[in-house]
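Subject: Structure for your review, with findings

Dear colleague,

Please find the structure below, placed ahead of my notes so that you may consult it while reading.

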Amino acid sequence: MTLADILNTEVWNGQSLASLLTLDALTGVALSVTGAVVMLLLGFVVGGWARRRITKLGLKYEALDDTLFIFLGNISRYVIIGFALLFVLNTFGIQTTSIVAIVGAAGLAIGLALQGTLSNVAAGVMIIVFRPIKLGDFVTVGGQSGTVKSISLNYTELASADNVQTIIPNANVWGNTITNFSIYETRRAEWVFGVAYDADLKKAEEVIRTTLMSDPRALQDPAPYLQVNNLGDFSVDFLARVWVRSSDNFAYQADMKRAVKEALDEAGIDIPFPTQTLLQAK
């Protein structure tokens with residue numbers, strides 16, 4: 001093959017190598033490459049800007065869920081970059097319809113191979129859209145308890161009470177019972193306090209009620225509940241229920257156990273404990 005044959009060989013869109021090596025052709029290629037690079041960079045810049053704007057919108061208003069707008073921001077970024085990439089391919093004369101078909105077929109094959117991963121992604125979308133949990137909530141999921149630190153498309157991150165990271169696949173989150181301790185503003189604290197059978201029950205009730213309700217964390221509405229609910233083997237048991245703010249519940253319950261014990265001791269009311277009498281054999 002001679003040099004002339006090589007130069008006259010069709011190499012791109014019906015054009016020969018000789019025609020592509022002309023100054024006009026090279027200038028056109030340079031302009032196309034420059035335009036493609038600019039468009040691609042513009043896609044990344046606009047995509048990043050759109051993601052930040054949508055994310056900040058969720059952070060600006062307390063009524064809007066942060067996790068949902070972070071997810072929408074990421075989706076918008078990928079969509080804008082995808083359109084920019086399609087424009088670049090069209091600039092070079094590449095038929096994007098065939099590429100879409102190839103990507104679709106490849107996606108089907110990959111989807112069959114990654115069913116577990118895709119189930120996590122689908123569950124992540126459901127969690128983000130329907131919001132059974134959100135950032136900052138204290139939850140129990142599948143036997144794991146902690147504060148929600150992040151929700152991605154694949155997994156949910158919890159920080160336990162002792163600040164240990166727990167990663168739960170989203171399929172396990174969405175497919176399990178979720179107990180959310182932070183969803184409501186108030187919670188009910190509950191205790192059982194036992195006193196001796198010979199104790200003055202009216203006095204004991206007054207001491208317990210005064211101790212529980214004198215704490216500023218206790219709410220007057222709904223009204224507290226305090227009644228004898230069990231006659232045990234060794235004690236008369238009072239069931240006490242007091243409403244508090246959800247954020248105060250744990251500390252309030254712990255503090256009141258000691259406070260009531262000390263108040264009953266000060267009032268001279270015995271708190272019985274199981275005893276055994278051993279008889280010596282004769």
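How many salt bridges does a search of the whole structure find? The search returns eight. Please bear in mind that this is a predicted model. Three of the salt bridges are described here, followed by the strand pairing and two surface patches.

Salt bridges

One of the salt bridges is formed by Arg-241 and Glu-190, whose closest N and O atoms are 3.0 Å apart. This pair links distant parts of the chain, since Arg-241 belongs to strand β10 (residues 236-245) and Glu-190 to strand β8 (residues 186-195), with the two positions 51 residues apart in numbering. Are these two residues buried, partly exposed or exposed? Arg-241 has a relative accessibility of 25% and therefore counts as partly exposed. Glu-190, at 35% relative accessibility, is likewise classed as partly exposed.

A second salt bridge brings together the side chains of Asp-215 and Arg-217, with an N to O distance of 3.0 Å. The two partners fall on either side of the 20% cut-off below which a residue is called buried. Asp-215 has a relative accessible area of 14%, so this residue is buried. Arg-217 reaches 22% relative accessibility and therefore counts as partly exposed.

In a third case, the side chains of Asp-265 and Lys-261 meet in a salt bridge at 2.4 Å, N to O. Why are these two residues separated by about one helical turn? The reason is that Asp-265 and Lys-261 are four residues apart in helix α9 (residues 249-266). Asp-265 is partly exposed, at 41% relative accessibility, and Lys-261 is partly exposed as well, at 39%. Salt bridges that share partners also join Arg-188, Glu-190 and Arg-241 into one network.

Strand pairing around β3

Strand β3 (residues 138-141) is joined to strand β4 (residues 144-151) by four bridges, and the two strands run antiparallel. Within this pairing, Phe-138 stands opposite Thr-147 in β4. β3 and β4 form a hairpin with two residues between them. Gly-142, in the turn of the hairpin, has a positive phi of about 55 degrees.

Which other strand is joined to β3? Strand β7 (residues 178-180) is connected to β3 by three bridges, and these two strands also run antiparallel. Here Thr-140 of β3 stands opposite Thr-179 in β7.

Surface patches

Which residues make up the positive surface patch? Arg-51, Arg-52, Arg-53 and Lys-56 form it. Of these residues, Arg-52 lies in helix α3 (residues 23-60). Its relative accessibility is 46%, so Arg-52 counts as partly exposed.

A nonpolar patch on the surface is formed by Ile-75, Tyr-78, Val-79, Phe-83 and Leu-86, which together present about 490 Å² of accessible area. Phe-83 lies in helix α4 (residues 66-91). Is Phe-83 buried or exposed? Phe-83 has a relative accessible area of 58% and is therefore exposed.

Yours sincerely

How values were computed:
Residues numbered from 1 in each chain as written. Predicted model: local features only at pLDDT ≥ 70, side-chain atom pairs only at ≥ 80, totals over all residues. Heavy atoms only, no water. Patch = residues over 30% accessible without salt bridge, like charges linked within 9 Å, V, L, I, M, F, W, Y side chains within 5 Å. Areas by Shrake-Rupley, 256 points an atom, 1.4 Å probe, with all protein chains shown as cover. Salt bridge = Lys/Arg side-chain N within 4 Å of Asp/Glu carboxyl O. Lys, Arg positive; Asp, Glu negative; His and termini not counted. Charge placed at Lys NZ, Arg CZ, Asp CG, Glu CD. Buried < 20%, exposed > 50% of the residue type's maximum accessible area, 1.4 Å probe, protein only. Pairing = 2+ DSSP bridges.
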